[in-house]
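The following exercises invite the reader to examine a protein structure step by step. Each task is followed by a worked solution.

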Amino acid sequence: MTFHPRMESMTEGLSVVGDLKLRIFDGAIADLWDVSCSPLAHGEYVSHAPRLVVVLGQTGTGGMEVTASPFQQELKNAPSNRLFYIPAGFKVWSRIENLESLRHLDVHFDIRSLSEKIADDFEPGLIETPKLSFNDDRVLSLASLIAGECETPGTLHDLYGDSLICALFTALTRIKPKTTRYKGQLAAHQLRKAIEFIEDNHASNIRLEELASLTGLSPAYFCTAFKLTTGMPPHRWQMRARVNRAKHYLENTGLTLSSIAVAAGFSDQAHFTRVFRQFTGTTPNAWRKSRLC
């Protein structure tokens, strides 16, 4: 991981509650904060990477304001679930009034990585304009899912979290495709290469970029085209491949469920059981017993 966002900050009246929950994605670093607030908490910040600040929850009758100037007027009960986008190198001041606690997500974007994923559709000007107070239900929903990944990491494949970051960045910047060249399904040879790679490496941590490079498409185009062609996203196809491999072990070996989970590429037996049930409607143990009858 070569992306290390740096931020200079000075705060007063804010105290972190519990441990910082941080998650490294391909394209961003996200951290989830719970803080207690004094009646007139404030701070100033400048980051060397563009970032999105999402207020996910708060207690109290007031709110938070972020401005490009240290001279702030009295707050008028700012609403919860507010969004703040700050470009790289853009200094901002924040003030919190009449809040007892605040939960917020900070997403620091790795522009080099994201621009490679989006390829020709990326325009640098899209990330240079600050949006210091706005609401967007789609951005908020995606940010909430990313916060969930920060809180309980490792429960799903990395492709899930990486896809959420791509979706969040696309929704935030409202990137639109300049071409419709790859809007359809994958060609037969592209699909075959992708599926063979997933099947051969089902137990490994496959990156979206690896699959996209096999087809000559950008990761964003590939992910859309793969789902249009197969009816499921790449990470779902890989989970199905793991389940199929697990079925082979269940039916043809005497391995324990925990050993099968590891051999098939699942993080642990609980993860194996949960995913297996999603695809088959039953547990691995019940499936094995049904095959022995």
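**Exercise 1. Determine which backbone oxygens lie close to the side chain of Thr-230, with the distances.**

Solution. Begin with the backbone oxygen of Met-232, which lies 2.9 Å from a polar atom of the Thr-230 side chain. Next, turn to Phe-226, whose backbone oxygen is 2.8 Å from a polar atom of that side chain. Finally, place the residue: Thr-230 belongs to helix α6, which covers residues 219–230. The model in which these distances were computed is a predicted one.

**Exercise 2. Describe the protein as a whole: its secondary structure, its extent and its share of buried residues.**

Solution. First, list the secondary structure, which amounts to 10 helices and seven strands. Second, consider the extent: along the principal axes, the C-alpha atoms fill a box of roughly 75 × 45 × 30 Å. Third, consider burial: of the 293 residues in the protein, 45% are buried.

**Exercise 3. Characterise the second largest pocket by its volume and its lining.**

Solution. Start with the volume: the second largest pocket holds about 440 Å³ of space. Its lining consists of 24 residues, and those nearest the centre are Thr-11, Leu-14, Tyr-45, His-104 and Asp-106. By character, the lining divides into 15 nonpolar, six polar and three charged residues.

Now assign the lining to strands. At least two residues each come from β1 (7–16), β3 (28–47), β4 (51–67), β5 (83–86) and β6 (92–109). Which strand gives the most to this lining? The answer is β6, with seven residues.

**Exercise 4. Establish how β4 pairs with β5 and with β6.**

Solution. Take β5 as the first partner: β4 and β5 are antiparallel and share four bridges. One position that shows the pairing is Arg-51, whose bridge partner in β5 is Ile-86. Then take β6: β4 and β6 also pair in the antiparallel sense, here over 14 bridges. Within this pairing, Val-53 stands opposite Asp-106 of β6. Asp-106 has already appeared among the residues nearest the centre of the second largest pocket.

**Exercise 5. Explain why Cys-37 forms no disulfide, and state where Cys-166 stands.**

Solution. The count for the structure is zero disulfides. For Cys-37, the closest cysteine sulfur is that of Cys-150, at 19 Å, and therefore too far for a bond. Cys-166 is likewise in no disulfide, its nearest cysteine sulfur being that of Cys-223, 8.1 Å away. As to burial, Cys-37 has a relative accessible area of 13% and is buried. Cys-166 is also buried, at 17%.

**Exercise 6. Is Arg-23 buried or exposed, and which side chain does its own side chain contact?**

Solution. Locate the residue first: Arg-23 sits in strand β2, residues 21–25. Its relative accessible area is 10%, and because the cut-off for burial is under 20%, Arg-23 counts as buried. Its side chain makes a polar contact of 3.2 Å with the side chain of Glu-149.

**Exercise 7. State what is notable about the phi angle of Asn-98, and classify the residue's exposure.**

Solution. Recall that most residues other than glycine have a negative phi. Asn-98 is not a glycine, yet its phi is positive, at about 55°. This residue lies in strand β6. With a relative accessibility of 47%, Asn-98 is classed as partly exposed.

How values were computed:
Residues numbered from 1 in each chain as written. Predicted model: local features only at pLDDT ≥ 70, side-chain atom pairs only at ≥ 80, totals over all residues. Heavy atoms only, no water. Buried < 20%, exposed > 50% of the residue type's maximum accessible area, 1.4 Å probe, protein only. Polar contact = N/O pair within 3.5 Å; in protein donor to acceptor, adjacent residues only side chain to side chain. 1 Å grid on protein atoms, 1.4 Å probe; cavity = no way out; pocket = protein on both sides within 12 Å on 5 of 7 lines; lining within 4 Å. Points joined across faces, edges and corners; volume = space filled by probe spheres on them. Nonpolar A, V, L, I, M, F, W, Y, C, P; charged D, E, K, R; others polar. Pairing = 2+ DSSP bridges. Disulfide = S-S within 2.5 Å.
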